[in-house]
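Visitor: Could you take me on a close look at one part of this protein, the place where two of its helices meet? I am new to this, so please go step by step.

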Amino acid sequence: MTLNRRNFLILLGAGVGAITTGACGAFGDSLLTPSKEGDSTLASNAKPYVELPPLPYAYSALDPHIDERTMQFHHDKHHAAYVKNLNDALDKHPELKSKTPEQLLRDIKSVPSDIRTTVRNNGGGHVNHSMFWKIMKPSGGGEPTGPISDAIKQTFGSFDAFKKQFNDAGSTRFGSGWVWLVRTGTGKLEVISTANQDSPFMDGSYPIMGNDVWEHAYYLKYQNRRADYLSAWWNVLNWDEINKRFAQATG
Ligand code: MN3
């Protein structure tokens, strides 16, 4: 009985050991993954030039105007790709990392020609989308508030007239691009549209607010109905954030 019990305990010990070892092996791999990444980040001394900013609300928060799946793909895949491509490009010219992405766009002609198009497309993509997430919020929309409200009325006559001009510019932008309210270098408010990920910063203007009219921004929910997406978008606007940007544009 004693022997049996002893043998049993030995077997149990071996068994526990085996289970523990097995568990270590199984969990060891998944535990190693983040620390490996951490090590390689340290090794290359590379805090990435830019990081994907977290979405300031849930993917589903803008429903029904912008659906959850669109937000998920748009933020986690499209914006993430611009961030990665911009970081990869800047690794080729680390001396440029002391400039902000906005500064690179403002002075795009001074960016070395081997990465200029990449910075234009992906730096633009990063800056445009970083603005885009923040000027939207759940239960947003309504009439503009604060100084931007007065400026819109002064420039366009009324909020409705501004909205119409903005939506028309968004509808008629052929292919992929953005529609913007900008403050130009001479201090005028204007509605413009740009192709691809081109940023108003490239023309010396400040983007106060902009809507993404790439198909990836609306196709899952609206398919070819860009005009419906454009009019729904006004229901999610964050006028507080737009006023902040207006202050930055004039400051
Ligand atoms: Mn987009």
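Guide: Happy to! Let's begin with the whole chain: of its contacts with a separation of 6 or more, 68% join residues 24 or more positions apart. Please keep in mind that this is a predicted model. The protein chain has 251 residues, and 39% of them count as buried. Its secondary structure comes to 9 helices and 3 strands, and along the sequence these follow the pattern α-α-α-α-α-α-β-β-β-α-α-α.

Now let's zoom in on our pair. Helix 2 covers residues 68–92 and helix 4 covers residues 113–134; their axes come within 8 Å and cross at roughly 140 degrees. An angle over 145 degrees would count as roughly antiparallel, and 65 to 115 as roughly perpendicular, so these two helices are oblique to each other. Their crossing is left-handed.

Which residues make the contact? From helix 2 come M71, H74, H75, H79, A81, Y82, V83, N85, L86, A89, L90 and K92. Helix 4 brings I115, T118, V119, N121, N122, G123, G125, H126, H129, S130, F132 and W133. Sorted by class, the contact has 11 nonpolar, 12 polar and 1 charged residues.

Let's pick one of these residues and stay with it for a moment. N122 sits in helix 4. Leaving aside residues up to four places away in sequence, N122 touches A81, Y82, N85 and L86, and those four are among the helix 2 residues listed in the contact. Is N122 buried or exposed? Its relative accessible area is 9%, and buried means under 20%, so N122 is buried.

Two other names from the contact lead us to a metal. H74 of helix 2 and H129 of helix 4 take part in the helix contact, and both are also protein donors of the manganese ion, each through its NE2 atom. The other protein donors are D212, through OD, and H216, through NE2. These donors lie 1.9 to 2.1 Å from the manganese ion. In sequence, the donor residues are spaced H-x54-H-x82-D-x3-H.

How accessible are D212 and H216? D212 has 0% relative accessibility, so it counts as buried. H216 has 17%, and because that is under the 20% cut-off, H216 counts as buried too.

So, to retrace our path: helix 2 and helix 4 cross obliquely, N122 is buried and touches residues including Y82 and N85, and H74 and H129 are among the donors of the manganese ion.

Methods
Residues numbered from 1 in each chain as written. Predicted model: local features only at pLDDT ≥ 70, side-chain atom pairs only at ≥ 80, totals over all residues. Heavy atoms only, no water. Axes fitted to C-alpha atoms, helices over the stretch in contact; angles between N-to-C directions. Parallel < 35°, antiparallel > 145°, perpendicular 65-115°, else oblique. Left-handed = near helix turned anticlockwise from the far one by under 90°. Contact = heavy atoms within 4.5 Å. Nonpolar A, V, L, I, M, F, W, Y, C, P; charged D, E, K, R; others polar. Donors = N, O, S within 2.8 Å, 3.2 Å for Na, K, Ca; no water. Buried < 20%, exposed > 50% of the residue type's maximum accessible area, 1.4 Å probe, protein only.
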